[in-house]
Amino acid sequence: FMSSKSKKDNKSGFPLKGIIISSSLCSIMFFAFVAIFSALVLKNGFASSMFMPVGLLLGGVSSLLNGFVTVFPIKEKGMIYGAISGLIQALICAVVLFAVNGGAVCTGTFILMAIMIDCSALGGIGSVNFKIKKKY
């Protein structure tokens, strides 16, 4: 006879579909934010030295959301599932950046990947610990 815990484990399984969907959507969101920021820079004439810090910040924010959204329906193993979703998002963004840069790889890409994995793991941890307060 199976205990209730093993039935739950067999039912939930590894959330690969949710991780891939969340990572893909948050990667698109990251590049949309970067495109909006680039348009603002071109229109308002900000210094081009702001690209790297703002890009890293936008990568962290999109990854934090990625980890949160990936783990929220599961509510378990937040750090692991968040880090896996961050790794997939980082790989998607690295491939796109590699193609855009004409095959050149810079240290900023590796820093962005590390930030994405870390922030996504933090988002997963936050999602597991997130409690919705009921009014009654």
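Axes here are lines fitted to C-alpha atoms, for helices over the stretch in contact, and angles between N-to-C directions run from 0 to 180 degrees. The model is predicted.

**Helix pair**

Two packed helices are described by the angle between their axes and the distance between the axes. Here the pair is α3, residues 51-71, and α4, residues 78-100. They pack at an angle of about 130°. Their axes lie 9 Å apart. Angles under 35 degrees count as roughly parallel, over 145 as roughly antiparallel and 65 to 115 as roughly perpendicular, with the rest oblique. α3 and α4 are therefore oblique to each other. The crossing of α3 past α4 is right-handed.

On the α3 side, the contact is made by Ser 62, Ser 63, Asn 66, Gly 67, Thr 70 and Val 71. On the α4 side, Gly 78, Tyr 81, Gly 82, Ser 85, Gly 86 and Gln 89 take part. By class, this contact of α3 with α4 holds ten polar and two nonpolar residues. Charged residues are absent from the contact.

**The loop between the helices**

Two lysines with positive phi sit in the loop between α3 and α4: Lys 75 and Lys 77. Neither Lys 75 nor Lys 77 is a glycine.

| Residue | Phi |
|---|---|
| Lys 75 | near 60° |
| Lys 77 | about 50° |

Is Lys 75 buried, partly exposed or exposed? Its relative accessible area is 34%. Buried means under 20% and exposed over 50%, so a value in between counts as partly exposed. Lys 75 is therefore partly exposed.

Notes: Residues are numbered from 1 along each chain as its sequence is written. This is a predicted model: local features need pLDDT of at least 70, side-chain atom pairs count only at pLDDT 80 or more; totals for chains, interfaces and linings use all residues. Side-chain values use heavy atoms; hydrogens and water are left out. Helices (H or I, at least four residues) and strands (E, at least two) are DSSP runs, numbered from the N terminus. A crossing is left-handed if the near helix is turned anticlockwise from the far one by less than a right angle, and right-handed if clockwise. Contact means heavy atoms within 4.5 Å. Ala, Val, Leu, Ile, Met, Phe, Trp, Tyr, Cys and Pro count as nonpolar, Asp, Glu, Lys and Arg as charged, and the others, Gly among them, as polar. Buried means under 20% relative accessible area, exposed over 50%, partly exposed in between (1.4 Å probe, protein chains only).
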